[in-house]
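Biologist: Got a minute to walk me through this model? Please keep it brisk.

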Amino acid sequence: MATQNVRQTIAATADAQLTKYATGSAVTITKARIMAVQAQSSAADGSVKIYDEADSSKTAASLVFEAKWGTADNSDFYVKIPGEGIYCKNGMYADLTNCDFLVVTGTF
């Protein structure tokens with residue numbers, strides 16, 4: 001069971017460190033628990049990779065989530081992560097390919 005309020009990230013439209021709103025301003029998310037991932041493809045073979053990283057290092061060892069979907073543009077993708085979700089202790093860096101947007105729901 002989540003011990004914090006469940007929130008959504010600000011929609012990412014390109015490779016980026018994921019952010020949230022705090023007192024009206026966008027701030028980088030540091031620690032997080034991913035509970036769901038939603039995205040939409042901009043072409044066939046949309047792809048999302050989420051790394052437990054505080055920057056764009058994107059090392060294979062820090063890859064915590066990867067999904068590929070869709071045969072055309074505007075294909076929706078949604079997955080709910082079971083149990084306690086995926087814990088990211090350093091932050092969340094998203095690598096998007098053929099993806100219009102990405103929103104992560106979780107505790108952070």
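Modeller: We start with the basics, then the overall fold, the core and one loop residue. This is a predicted model: local features need pLDDT of at least 70, side-chain atom pairs count only at pLDDT 80 or more, and totals for chains, interfaces and linings use all residues. Residues are numbered from 1 along each chain as its sequence is written, and side-chain values use heavy atoms, with hydrogens and water left out.

Biologist: How many helices and strands?

Modeller: 0 helices and 11 strands. Helices (H or I, at least four residues) and strands (E, at least two) are DSSP runs, numbered from the N terminus.

Biologist: What share of the residues is buried?

Modeller: Buried residues are 41% of the 108. Buried means under 20% relative accessible area, exposed over 50%, partly exposed in between (1.4 Å probe, protein chains only).

Biologist: Which residues touch the most others in the largest nonpolar core?

Modeller: Leu18, Ile34, Val48, Ile50, Phe65, Met92 and Leu102, out of 23 residues. β5 (32-41) is among the elements giving two or more residues, and the largest share, 4 residues, is from β5. Such a core is a set of buried Ala, Val, Leu, Ile, Met, Phe, Trp, Tyr and Cys residues joined through side-chain atoms within 4.5 Å.

Biologist: New topic. Where is Thr59?

Modeller: Thr59 is in the loop between β6 (46-51) and β7 (63-69).

Biologist: And what does Thr59 contact?

Modeller: Tyr51 and Glu53, leaving aside neighbours within four places in sequence. Contact means heavy atoms within 4.5 Å. Thr59 counts as partly exposed because its relative accessibility is 36%.
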